Structure formats: C-alpha cells, structure tokens
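Thanks for sending this one over. Here are my notes, as numbered points that you can follow with the structure open beside you.

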Amino acid sequence: MSRRRIVVAGLGDSGLLTAIRLAGRHDVVGISTKPALVSGQELGVRLARPEEWAQNYWIPFDRFHGLDRVRTVHAMLTSVDLGARTVFAATGDGSQLAEPYDTLIVSTGVSNGFWRQPVLQSNADVAADLRAAHQTLARARTAIVIGGGAAAVSSAANLAMTWPDLRVGLYFPGERALTQHPPRVWDRIRRRLSELRVALHPGHRAVIPDGFTCDRITAEPVRWSSGQSPASADAVVWAIGRVRPNTDWLPAEILDEHGFVRVTPHLQVLNHPNVFAVGDVAATDPLRSSARNRADRLVAHNVHAGMSGRALRTYRPPRHRWGSVLGVQPDGLEVFGPSGHAFRFPAWSIERVLQPWIVRRGIYRGVRHNRPFTSAEPNLQEGPIA
C-alpha cells in the first residue's frame, strides 16, 4: 500500500490520537488552533487546580513521540473543497494556507462554554485563560454551577474540595444530574457532593440571556424559567452542555440539522468515502460517544482497510456515558464503567502506573518528560495562581 497524504483537521483528544495511529504508514498533516493538546476533559480540576490539570491535559505537540512524523500546522480552518481534496486555513499573521489531501479526518470538536472555544491561541493565551478563571473563583465567597452533566458536577465538587469555605450550589434542570450515566453513578456522586457540602438544587432550568454563549464566568443574578426566584453568587459557572459543533468551515451538505458531521457506521462522511469524522463533531449517536470510546483506532483501521479493499469495521456506541466524573482526587481516581459500577485507582498508582504506563505510553504511545519551559511552551508561572 503506497503512502497517502492525510490531513487531520483538529488535534484535540480524538484528532491527536488518530494522527498518531496513522503517522507510521502515511504522510500526516495535523491542523490545530492550539500549539499543544489542550484537552476539554476534567473541567473541575482545571478550574480548581490548574497546575495539576496542566500536567496531564495541556501537552506541547513536540512531546508526543507519535507526532514526530506528523507535520503540525498552527492555523484556523476556513473552508474545504471536497472535489479538489484541499482544505484551507489561516494562520495568526493572516497568511492563507492550502493543504491537499488523499484522506481527510474531521475532528474539530465542539465549542462548549469558556473552556472549549475554537479560537486561534498561543500557549500564553491558554495560560491567561487558565489563570483568569481560577483567580475569579479563588476570590469568590459564593459560587453557582449550572448544569447537570459531568462538567458541572465535577466543577461543583472540585471547587468545594479546593476551597472549603466557598459556598457552592449546583443547579440542574431534572430530578437528578448525570442523566446520561447509569442511575447508580448519580447515587454515588450525590453522596460525595453532600459530604463536600455542595447545595443541590434540582428542577432549576436557567434562562440564557440574549446573545450569551456561556463563554465566561459571570456575576449577574441567574433567572429560572422553571419558576424559582433568581439566585446570585460572586461567580457563576455555566456548564449547561450547550455545545456548538466547530463546522463553520465545512459545506452544509455533509452536516445534519444541528451542524454535526453526518457519518456512516464506519465513521465515513456520507457520500465521501475518503473523508472520515471522529470525536464530538461526528453525529454517530445521541451521545456522540466516539470522542470517549477510542474510535481513533477504528478510524485508522478503516482508512487502511479502505485503501487496500478490506472490510471496514463498524462503530457500536455504548448506551451510557462512562469514565471518570470528578477527576483525580486526594484518595485516587474513581472510574465508572458502562454499567455504572465504579473501580478505583489508588492515589499512589496515578503517577506511578496510570499516567506513565497506561496513558502516556499505552494510549499516547510515548510522551517525553517535562523539560524547562521555553517561550513557546505551557507556563502557568507567568502570573499568580491563588
């Protein structure tokens, strides 16, 4: 099989892993709005303990052994010509780029609150965002977290754990939070929130101010369409799951009514067998679960299989979300399986086994150790962290 030119559009969690799996056999170009992996995972730890979060979720591309043979381009995607098999992008200085491809992998993800925005950023910009959000919460005496998903629940728990004197309230629209997880997950997490003295407010559906995109921490009173009196706090974290696919650069013909990329069960874009989509941007199922179920392996297999005429594999989404909810805690990491049953990595195993062997070597296929920061690398020490 001859080497092909593959463009991976978006180097978040799913795109980076897909690029690593394809790099050995093909000429791979990865286009990213960030100069590093800036994961959308573990919002609660990101807000409460940003240095700890950065160690594992903000990693320069040149630290990944698997990207050594990938040419990474720091640019914003602007359009694609599917007939001419070329993507177009713009760099920070306004230069226009054209990247031809034999195969295109769309993994541009979604926008979701202030922590996942598709803007062109330097590492200094990312650091400034981390510091600003953390400092806002560190100065607060009261905080409201709005939303019923894992990002909201994790934020409420980690804020309460990091600042015991901070009065934290979690407001969510249903009778319980974590409705996309098996019920036993919420039962267990609710007990933990109670231990942390997080005030739970079910049945609260927030009114979204006109033009507000949940892209910042606010301090204005929150009004409820569900009829309750307005609530106020020094800091309001909006984690309501109002995701917007980053697909403005794609033609409408390959998108569904919500702007997500329509795909076959093989994760190929409909009517375009040389284009695949993976991650939150792909309309695989209501949970868009390929982002959390290592579908990078399936995409890489199907790219190779399609080139050689072999059978393609089918993506089978799970019924429920699974994985960590609260992130790493002082007593370890609790992970929930698809059935809702939990298993725990003890605290000692996180930096001795989980991160170095399972994540960095097993999943990422090798990550170089931290080196002293250069001007182009992540550095949270440029400003104070409370």
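**Notes on the predicted model**

1. Let me begin with β1 and its neighbour β2 (residues 27–32): the two strands run parallel and are joined by five bridges. Within this pairing, Arg5 stands opposite Asp27 of β2. Four of the five residues of β1 are buried, so the strand is largely enclosed by the rest of the structure. Please keep in mind throughout that this is a predicted model.

2. β1 (residues 5–9) also pairs with β9, again in the parallel sense, over four bridges. Here Val8 has Ile105 of β9 as its bridge partner. Strand β9 in turn pairs with β17 (residues 272–277), parallel and over three bridges, and there Val106 stands opposite Ala277. As a reminder, strands of a sheet pair through backbone hydrogen bonds, either parallel or antiparallel.

3. Which way do the side chains of β9 (residues 103–106) point? Thr103 and Ile105 point one way, while Leu104 and Val106 point the other way, and all of them are buried. This fits a familiar rule: in a regular strand the side chains alternate between the two faces of the sheet.

4. Several of these residues turn up again in the largest nonpolar core, which has 59 residues. Phe64, Val87, Leu104, Ile105, Val106 and Val261 are the ones that touch the most other members. The largest share of this core, six residues, comes from helix α7 (residues 295–308). If you click on Val106, you will find that its contacts farther than four places away in sequence include Ala9, Trp249, Leu250, Val261 and Phe276. A second, separate core has 37 residues, among them Leu47, Val145, Ala152 and Ala239.

5. Helix α1 (residues 13–22) deserves a look too. Nine of its 10 residues are buried, so this helix is largely enclosed by the rest of the structure. The buried residues include Asp13, Ser14 and Thr18 as well as Leu16, Leu17 and Ile20.

6. Now to another sheet: this open one has four strands in the order β13-β12-β11-β14, with parallel pairing. β13 (199–201) and β14 (235–238) stand at the edges with a single partner strand each, so one side of each is left without a neighbour in the sheet. From one strand to the next, the twist averages 20°. The pairing of β12 (residues 167–171) with β13 is parallel and spans three bridges, and Leu170 stands opposite Leu200 of β13.

7. What lies across β11 and β12? That is helix α5 (residues 150–162), which runs at about 170° to β12. Ala156 lies in this helix. With a relative accessible area of 0%, Ala156 counts as buried. Beyond its neighbours within four places in sequence, Ala156 is in contact with Val145, Val168, Leu170 and Val198. For a sense of scale, the C-alpha atoms of Ala156 and Asn293 are separated by 25 Å, and these residues are 137 residues apart along the chain.

8. Helix α4 passes a simple check on its length. At 1.5 Å a residue, its 17 residues should span 24 Å, and its end C-alpha atoms are 24 Å apart, which agrees. Buried residues of α4 include Asn123, Arg131, His134 and Gln135, alongside Val126, Leu130 and Leu137. The elements that cover the buried residues of α4 include α2 (43–48), α3 (50–57), α5 and β14.

9. Is Asn112 buried or exposed? This residue is found in the loop between β10 (110–111) and α4 (123–139). At 11% relative accessibility, Asn112 counts as buried, because the cut-off is under 20%. Setting aside neighbours within four places in sequence, Asn112 is in contact with Gly241, Arg242 and Val243.

10. Finally, a word on confidence. The mean pLDDT of the protein chain is 92, and 95% of its residues reach 70 or more. Residues 372–376 are where I would ask you to take care: pLDDT stays under 50 there, and the model has four contacts for this stretch beyond four places in sequence. Where pLDDT is low, the predicted coordinates should not be read in detail.

Terms used: Residues are numbered from 1 along each chain as its sequence is written. This is a predicted model: local features need pLDDT of at least 70, side-chain atom pairs count only at pLDDT 80 or more; totals for chains, interfaces and linings use all residues. Side-chain values use heavy atoms; hydrogens and water are left out. Two strands pair if DSSP finds at least two bridges between them. Axes are lines fitted to C-alpha atoms, for helices over the stretch in contact, and angles run from 0 to 180 degrees between N-to-C directions. Contact means heavy atoms within 4.5 Å. Buried means under 20% relative accessible area, exposed over 50%, partly exposed in between (1.4 Å probe, protein chains only). A nonpolar core is a set of buried Ala, Val, Leu, Ile, Met, Phe, Trp, Tyr and Cys residues joined through side-chain atoms within 4.5 Å. The expected span of a helix is 1.5 Å times one less than its number of residues. pLDDT is the predictor's confidence in each residue, from 0 to 100.
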